[in-house]
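This report looks at the salt bridges of one structure and then at the surroundings of its ligand.

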Amino acid sequence: MRIRRKKGTKEKIVLHDDLLVLEPEQMLGKWHEFFGNDYPIYLEVGTGFGQFIRGQAKKNPKINYIALEKIEEVLIKTIMTTKEEGITNLRFLWFNANQLELIFAENELDKIYLNFSDPWPKNKTAKRRLTHSNFLNKYQEILKPRAKVEFKTDNQLLFEFSLNEFSKEGWKMENICLDVGNRGPEDNIQTEYETKFSGLGMPIYRLEAINPK
Ligand SMILES: C[S@@+](CC[C@H](N)C(=O)[O-])C[C@H]1O[C@@H](n2cnc3c(N)ncnc32)[C@H](O)[C@@H]1O
């Protein structure tokens with residue numbers, strides 16, 4: 001997404017340390033302790049304005065949610081909305097997903113959501129796609145055995161690439177859907193990109209991939 005960078009956001013965002021975890025590396029292996037319960041922990045990578053994960057958190061109070069976003073101008077708005085909505089089981093990380101292994105220990109997570117991840121269409125930037133095998137190998141480590149990655153996108157080429165990457169790395173897939181709007185899960189919660197693109201009549205693709213560990 002195209003974002004206008006604003007001077008001073010870095011200084012402002014760190015003031016929201018009630019919802020923003022400022023030193024996530026310190027939490028490695030301690031996320032349950034941090035949440036103070038044994039509920040499952042679900043992570044969304046690239047949350048954007050967080051419409052999806054806020055919807056999930058409101059619906060499922062017995063799940064701990066973590067939403068990760070690298071752009072502070074986006075994240076600060078998401079945090080403010082979360083506060084306005086009084087959501088208590090969702091925390092945020094201002095962090096780049098390419099270092100996930102620094103903040104989550106082996107088997108620490110119960111699910112990962114990837115929603116409308118940037119497609120990086122050029123071959124030379126394929127390694128930045130969040131479903132590139134390098135990322136899948138990180139997810140495999142930090143997810144529990146048989147836990148799932150749930151992925152949605154409007155981008156057919158990224159979806160095809162992702163099917164191949166999951167398959168190549170030994171992940172079984174299920175509930176593959178080429179038209180979430182008409183044939184997706186009944187309890188589907190839309191992301192902000194999904195609302196926009198499905199409103200334009202575009203098909204939304206979805207899959208669930210099972211950790212081969
Ligand atoms: C296309 S937007 C989609 C936002 C939202 N998930 C949705 O579906 O509406 C992708 C978001 O992922 C974030 N993102 C992309 N790569 C990331 C990475 N490596 N680490 C953290 N955030 C990332 C971007 O900054 C952007 O906000």
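The structure holds 13 salt bridges, each defined as a side-chain nitrogen of Lys or Arg within 4 Å of a carboxyl oxygen of Asp or Glu. In one of them the side chains of glutamate 101 and lysine 138 meet, with 2.9 Å from N to O. Because glutamate 101 lies in the loop between β3 (90–94) and β4 (109–115) and lysine 138 in helix α5 (residues 133–142), the pair ties together parts that are 37 residues apart in sequence; helices (H or I, at least four residues) and strands (E, at least two) are DSSP runs, numbered from the N terminus.

The model is predicted, with local features needing pLDDT of at least 70 and side-chain atom pairs counting only at pLDDT 80 or more, while totals for chains, interfaces and linings use all residues. Residues are numbered from 1 along each chain as its sequence is written, and side-chain values use heavy atoms, with hydrogens and water left out.

Around the ligand there are 18 residues, of which the closest are Gly46, Glu69, Asn96, Thr191 and Tyr193, a residue being near if one of its heavy atoms lies within 4 Å. Both β2 (64–69) and α8 (192–199) supply at least two residues of this shell. The table gives polar contacts of the ligand, that is, pairs of N or O atoms within 3.5 Å.

| Ligand atom | Protein partner | Distance |
|---|---|---|
| nitrogen | lysine 70, polar backbone atom | 3.3 Å |
| oxygen | threonine 191, side-chain N or O atom | 2.8 Å |
| oxygen | tyrosine 193, polar backbone atom | 2.9 Å |

The protein covers 96% of the 590 Å² of accessible area that the ligand has on its own, as computed by the Shrake-Rupley method with a 1.4 Å probe.

Key:
Polar contact = N/O pair within 3.5 Å; in protein donor to acceptor, adjacent residues only side chain to side chain.
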